[in-house]
Amino acid sequence: MIGPTTQLPQAPLAVDEHYVDPRHYPHGVAFLDGQYLPMSEAKISVLDWGVLHSDATYDTMHVWNGRFFRLELHFDRFWRGVERLRMKLPYNREEVALILNNCVALSGHKSAVVQMMCTRGSSPTLSRDPRQAENRFMAFAIPFGSIANKEQLERGLHVAISETVRIPPKSVDPTIKNYHWLDLVKGLFDAYDKGAETALIVNINGHIAEGPGFNVFLVKEGALRTPGFGVLPGITRRTVFDLCGEFGLSVTTADVSRAEIKAADEVFITSTAGGIMPVTRIDDTAIGKGQVGLLTRRLMDLYWQKHNDPAWSTAVLYP
Ligand code: PLP
């Protein structure tokens, strides 16, 4: 157990990358209420509004080969969300950076999913007034995980478009990363029922929005397009914009209809949980030649190359 202002920990907790707790806690380290804990001991009150009402915001980063990827962009998005939800963090950016570093360093993971969260918390008097709640910050680092497995990355994902409508931006602001996932989870079940591996759901206008944990891009005649309305501004999506800028590729943010995405030359999804991941089938339609497209492959390679570039990544300080 280490206090929040403690500098780099000296000795990692015992690391066994393959150990999974029987209650399904992965090996990892969490920071909660001022303490670093094994994942199996990181527990919060069931009365936290984060649990009761999904009243929370969060951000998910990854560490690859011992380096955080685009940490500053994740921090900007998280701090903006916290402010928009009228929450207050007990730590500043430098302190949170240290906490995240310590979670990864203590876990020993060289490749990890790292998450920071702020929940509304609860009020000491159990008041129903959210202004009286004491907000709670927490974070954790667990082994890296991807939406697409190795086989799916090689042959492309099979996706189904669900009739489920993503909650409108006027109800829940999608630019604040949130746990409003009932629409996305319903989309997933719809996709499994159709024999697909994951889902795309639509916005209130019937256009393609996003999927459970990812944004989507299409490539048509060498130009890229991604939905702009009612979606999370993903950091991986932003990274695709930056890569396109660097390599002179055309990319726009605009509506994407169901027919347009199925008629694309290439389709891929983007997420911190896996990076850029190809899609080769949507419903019963093969995308392009039904194989991972050349441009998608090129972007996938560039994306992972950037993980060693100090302009795009930050080294984890291990003890
Ligand atoms: N859309 C939703 C709803 C998400 O939850 C996520 C990530 O979890 C994304 C898109 C992709 O965002 P990022 O690239 O920042 O991981």
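This passage describes selected strands, helices and surface residues of a predicted model.

Strand β11 covers residues 223-226 and presents two faces. Leu-224 and Thr-226 make up the covered face, while Ala-223 and Arg-225 make up the uncovered one. In a regular strand, side chains alternate between the two faces of the sheet. On one side, β11 pairs with strand β10 (residues 215-220), in the antiparallel sense and over 3 bridges. Within this pairing, Val-219 has Leu-224 of β11 as its bridge partner, and Leu-224 also belongs to the covered face of β11. The two strands form a hairpin with 2 residues between them. One residue of this turn, Glu-221, has a positive phi of about 50 degrees.

Strand β11 is also joined to strand β12 (residues 251-253), and here the strands run parallel, with 3 bridges between them. Arg-225, a residue of the uncovered face of β11, stands opposite Thr-252 in β12. Helix α6, made of residues 235-247, completes a β-α-β unit with β11 and β12, and this unit is right-handed. Strand β11 thus takes part in an antiparallel pairing with β10 and in a parallel pairing with β12.

A second group of strands involves β14, which spans residues 275-282. Strand β14 is mostly covered, with 7 of its 8 residues buried. Its pairing with strand β7 (residues 157-165) is parallel and consists of 3 bridges. His-158 stands opposite Arg-281 of β14. Strand β13 (residues 266-271) pairs with β14 in the antiparallel sense, over 5 bridges, and the bridge partner of Thr-270 in β14 is Ile-276. Strands β13 and β14 form a hairpin in which 3 residues lie between them. In that turn, Gly-274 has a positive phi of about 125 degrees.

Strand β14 also pairs with strand β15 (residues 285-286), in the antiparallel sense and over 2 bridges. Ile-282 stands opposite Thr-285 in β15. A hairpin with 2 residues between the strands is formed by β14 and β15, and Asp-283 in its turn has a positive phi of about 50 degrees. Thr-285, located in strand β15, has a relative accessible area of 27% and is therefore partly exposed, since that class lies between the buried limit of 20% and the exposed limit of 50%. The C-alpha atom of Thr-285 is separated by 8.6 Å from that of Ala-263, although the two residues are 22 residues apart along the chain.

Helix α8 consists of 12 residues, 294-305. From its first C-alpha to its last, α8 reaches 17 Å, which is close to the 16 Å expected at 1.5 Å a residue. The buried residues of this helix are Leu-295, Thr-296, Leu-299, Met-300, Leu-302 and Tyr-303.

A nonpolar patch of about 480 Å² is present on the surface. The residues that make this patch are Val-46, Leu-47, Val-51, Leu-52 and Leu-126. Val-46 lies in the loop between β2 (35-38) and α1 (49-53). Its relative accessibility is 61%, so Val-46 counts as exposed.

Definitions and conventions
Residues numbered from 1 in each chain as written. Predicted model: local features only at pLDDT ≥ 70, side-chain atom pairs only at ≥ 80, totals over all residues. Heavy atoms only, no water. Buried < 20%, exposed > 50% of the residue type's maximum accessible area, 1.4 Å probe, protein only. Helix = DSSP H or I, 4+ residues; strand = E, 2+ residues; numbered from the N terminus. Pairing = 2+ DSSP bridges. Right-handed = clockwise from strand over helix to strand, strands pointing away. Patch = residues over 30% accessible without salt bridge, like charges linked within 9 Å, V, L, I, M, F, W, Y side chains within 5 Å. Areas by Shrake-Rupley, 256 points an atom, 1.4 Å probe, with all protein chains shown as cover. Salt bridge = Lys/Arg side-chain N within 4 Å of Asp/Glu carboxyl O. Expected span 1.5 Å × (residues − 1).
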